[in-house]
Structure formats: C-alpha cells, structure tokens
Amino acid sequence: MILALIVQKFGGSSVANPERIKNVAQRVVKTFEAGNQVVVVVSAMGDTTDDLIDLAKQITDSPSPREYDLLLATGEQISIALLTMAIQKLGYKATALTGSQAGILTSDNYNKARILNIDSTRILKELKQGQIVVVAGFQGYRADGEITTLGRGGSDTTAVALAAALKADLCEIYTDVDGVYSADPRLVPKAQKLAKISYDEMLELASLGAVVLQPRSVELAKQYAVKLMVRSSFSENAGTLVWEESNMEKDMIVTGVAHDLNTAKMTIFDVPDIPGIAFTLFSALAEEQINVDMIIQSNSRNEYNDISFTIEKADIKKAIEIVEKVKKQIGAQKITFDEEVAKVSIVGAGMISHPGVAAKMFEALAKDNINIQLISTSEIKVSCIIDSKDVEKAVRAIHTAFGLDK
C-alpha cells in the first residue's frame, strides 16, 4: 500500500562527499521503506558549481551561454549518478534522470531559464515499477533540445515544480540547517526555529536575504499549494512547515528578521520631472536582465528630482554602463553608487492588523545610532537600507525589540 508520494531535495552540502551521499541514500531508503513513492532532487556536490565557474573563467571571461550551461549542468549529473549508485548498493531499485530525461521544459534563455512545463510520463512510469527516481536539479531543456540551467538555487525550484506536476503529498527541502529561523543564527544566537510559516512570509524572507529557500521555489509552492518542509540532512530534528497562511493563526506580529549583504545602491540626480523618465531608466535595466529591488523618488524641486534604487552587487558594473547612457539620454546630471550597504527587513503576516510596527523598527535602529538610507514597505514587510558595517548590530537590535529572542 502506497502511503504518499514525497519529493525530497538535497542541497550541495548534503551531498558534498561520498560519505554524505551514502547518508542521503539511507535517508531516502528509509522514506521508501515506510511505504512512500520517492522522487529525489539533488544539487551538485559541495562547491562543484563554483569550481566549474572558475574553470570557465580560466578559459574565457565571456563564455558562450550555451556551452556555459552545458558545463554547469554536469555538476548535478555527477550527483544523481553517485546517489543512485548508493541507493542501489543498499539493495533498492533506483534510476537517475537528467532534467531533460525528467521532462523539464524551460524557456529559451540560458543561465536563468524558467520552467514552463513538466512532462511527468517518464517519472510516473519509473515510480510504477517500484523505482526510487533521482532527478538532477537546476537544469532542464529548451523546446529545441538544448540544455538550460535555472540560475542559483534552481534545485529548490526543480523540486517544487516536480512536486506540483506529480501532485506530491509533501516536498521536503533538506539543507544544512534544521528549519527556518527568526533570524540568521550566525548573527543572532538567540534566534528561534519556527515550527510553521506562511507562503507569503517565507517568500518575503527568501527574497530579502534568508537563504534557506529560493524565492522562485516559494512562489511555485504557493501557486500550486505544495506543502513544504524544511529540514536538516544531518539530524532527525523536526523542521519548519511552509504552508497556506489561512491554515495558521497570525499569532506573531513579526515572524522574522532578514538581512542581505548582496545589495548595492545607485542614485541618479537631477532627473527631469516629466512623464516617461522612470520607464526609460528601468526598461533599459530590465532589457539587460538586471533586477531592481527598492526604488525611491524624491519630491520634485524646480521640476527635477532624484531617483535611488537597489540592485545586486554582481550587476553594478553593467548597471553603471546602462545608467550612464540613460543619463545622457534624459538629461540627468550625475550618478553615484554605493556597494557598502545592506538591507535589513522585518516580515510578519500579523503586521497587517497592528499599527506602529515600522516605528518600532526605526526606534530600535535609532537607539543603536544606525542611520536609515532608504525605506520600503508592504503589508507584511518593512525593509531599510543601512551601512553594511551596521548589519549585525541592526539585526540583533530589531530581533530583541520584537521579542523574538524568547
């Protein structure tokens, strides 16, 4: 009797060496022995992807996107082959599938492809034959058969997309931490593990720097109502359930504090205050696949204003080139950029019905003499840009101010 269909995803640290791969195999087999059908998604071993990127850089600074994806996709293929061998060594039937063999169709763009559809015929056939199916994360194929990769954290997305396509009962994300915490435990020793968190709260935390789950995977989970459990590969501890908000009481005003050091701030000064300027600027950035986060426009003065926005640090060089061109086009005066900034954020579904939350956050920062450069808010989030040197102090102060230490 089949109890459930479970998708399990194991990150790079979980399969970093042969011993850990053997441990993962035992955990997978334990789930299978309990009467479940099991589909396993794995990342590349340890730092393999970084090593492959370094290899490419030793050859050329501008590799062909097609060949770059061919190279990066090999990391996960090593993992699925080794894990499948380990499961077979334990006496169980298992088969390894690449992204294309698993039917994962993506968009045409290399390096940051998006999953369009999953033809689950092959996986269902293998499951019906009593196989444990091991699928390469992070990769898929274009309609013309070319291999694509999904960008950083793409294995989480693969796992959730497979869980949605297969109508799995549960998607377990195994990592090197045993759940989602109220803040990064490395910065805040008193951070508490959350037993449960809503999709919206998890999506905000993931987008704001919490690296436990990839934001795209949480979006997919919410869209298709995939039940997620974040657990540790290295312990049997209970994890954190990511599930529909309506099933939970909003018993906490603030659920967690996130921080992001991968942030840079740009400002373009003396921008003409006329229609179409913002479109010209941000469409130029979008065309180059540069994701803009916070955007603040100052009040008009003498028919001019300033526009500040944040992007990822990796995009700063390309963004400067683009904004310099736009500056001349629109008649702005100058641009500045700052890479020594960080974003700190609070997230909580309970914020919707509790006034004064932002003020309490600002008070906590002010007491520690931390200056706020930019502010952005939504119904369940408040984010501030501050000096990067203050980030640890800021996270701890905010965490304590909202009673999350207990």
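**Exercise 1. Two helices side by side**

Is the crossing of H2 and H3 right-handed or left-handed? Work out as well how these two helices are oriented and which residues meet.

*Solution.* Keep in mind that this is a predicted model.

Step 1: Two packed helices are described by the angle between their axes and the distance between the axes.

Step 2: For helix H2 (residues 48–59) and H3, the angle is about 150 degrees and the axes are 9 Å apart. Angles over 145 degrees count as roughly antiparallel, so H2 is roughly antiparallel to H3.

Step 3: The crossing of H2 and H3 is right-handed.

Step 4: On the H2 side, find Thr-48, Thr-49, Leu-52, Ile-53 and Ala-56; they meet Tyr-68, Leu-71, Leu-72, Thr-74, Gly-75 and Glu-76 in H3. Sorted by class, the contact of H2 with H3 has 6 nonpolar, 4 polar and 1 charged residues.

**Exercise 2. Parallel or antiparallel?**

Describe how H5 packs with H7, then do the same for H8 with H9.

*Solution.*

Step 1: Start with helix H5 (residues 154–166) and helix H7 (residues 215–224), whose axes cross at roughly 10 degrees and come within 8 Å. Angles under 35 degrees count as roughly parallel, and therefore H5 is roughly parallel to H7.

Step 2: H5 and H7 cross in a left-handed way. H5 brings Asp-156, Thr-157, Val-160, Ala-161 and Ala-164 to the contact, and H7 brings Arg-216, Ser-217, Leu-220, Ala-221 and Tyr-224. The classes in the contact of H5 with H7 are 6 nonpolar, 2 polar and 2 charged.

Step 3: Now take helix H8 (residues 277–287) and helix H9 (residues 316–330), which pack at an angle of about 155 degrees with axes 9 Å apart. H8 and H9 are therefore roughly antiparallel to each other, and H8 passes H9 in a right-handed crossing.

Step 4: Ile-277, Thr-280, Leu-281, Ala-284 and Leu-285 of H8 make this contact with Ala-319, Ile-322, Val-323, Val-326, Gln-329 and Ile-330 of H9. Counting classes for H8 with H9 gives 9 nonpolar, 2 polar and no charged residues.

**Exercise 3. Rings that pair up**

How many aromatic pairs does the count come to? Look closely at the pair of Phe-32 and Tyr-92 and at the pair of Tyr-199 and Trp-243.

*Solution.*

Step 1: Rings pair if their centres lie within 6.5 Å, and the count comes to 4 aromatic pairs.

Step 2: The ring centres of Phe-32 and Tyr-92 are 6.1 Å apart and the planes stand at 85 degrees, so this pair is edge-to-face. Phe-32 sits in helix H1 (residues 18–33), while Tyr-92 sits in the loop between helix H3 (65–89) and strand S3 (94–97); they are 60 residues apart, and the pair links distant parts of the chain.

Step 3: Check their surroundings. Phe-32 is partly exposed at 22% relative accessibility, and Tyr-92 is partly exposed at 23%.

Step 4: Tyr-199 and Trp-243 also form an edge-to-face pair, 6.4 Å from centre to centre with 65 degrees between the planes. Because Tyr-199 lies in helix H6 (residues 199–207) and Trp-243 in strand S12 (residues 240–243), the pair ties together parts that are 44 residues apart in sequence.

Step 5: Tyr-199 has 2% relative accessibility and counts as buried, whereas Trp-243, at 22%, counts as partly exposed. H6 itself is mostly covered, with 7 of its 9 residues buried. Among them are Met-202, Leu-203 and Leu-205.

**Exercise 4. A residue in a strand**

Which residues is Val-133 in contact with, leaving aside its neighbours within four places in sequence?

*Solution.*

Step 1: Find Val-133 in strand S6 (residues 132–136). Buried means under 20% relative accessible area, so Val-133, at 0%, counts as buried.

Step 2: Beyond neighbours within four places in sequence, Val-133 is in contact with Val-38, Val-39, Val-40, Thr-95, Leu-97, Ile-123, Glu-126 and Leu-127.

**Exercise 5. Positive phi**

Compare Asn-111 with Asn-369: where does each lie, and is each buried, partly exposed or exposed?

*Solution.*

Step 1: Most residues other than glycine have a negative phi.

Step 2: Asn-111 has a positive phi, near 75 degrees. Its loop runs between strand S4 (104–106) and strand S5 (115–118), and at 27% relative accessibility Asn-111 counts as partly exposed.

Step 3: Asn-369 has a positive phi near 60 degrees. Asn-369 lies in the loop between helix H10 (357–367) and strand S19 (374–378), and at 70% relative accessibility it counts as exposed.

Methods
Residues numbered from 1 in each chain as written. Predicted model: local features only at pLDDT ≥ 70, side-chain atom pairs only at ≥ 80, totals over all residues. Heavy atoms only, no water. Axes fitted to C-alpha atoms, helices over the stretch in contact; angles between N-to-C directions. Helix = DSSP H or I, 4+ residues; strand = E, 2+ residues; numbered from the N terminus. Parallel < 35°, antiparallel > 145°, perpendicular 65-115°, else oblique. Left-handed = near helix turned anticlockwise from the far one by under 90°. Contact = heavy atoms within 4.5 Å. Nonpolar A, V, L, I, M, F, W, Y, C, P; charged D, E, K, R; others polar. Phe/Tyr/Trp six-rings, centres within 6.5 Å; stacked < 30°, edge-to-face > 60°. Buried < 20%, exposed > 50% of the residue type's maximum accessible area, 1.4 Å probe, protein only.
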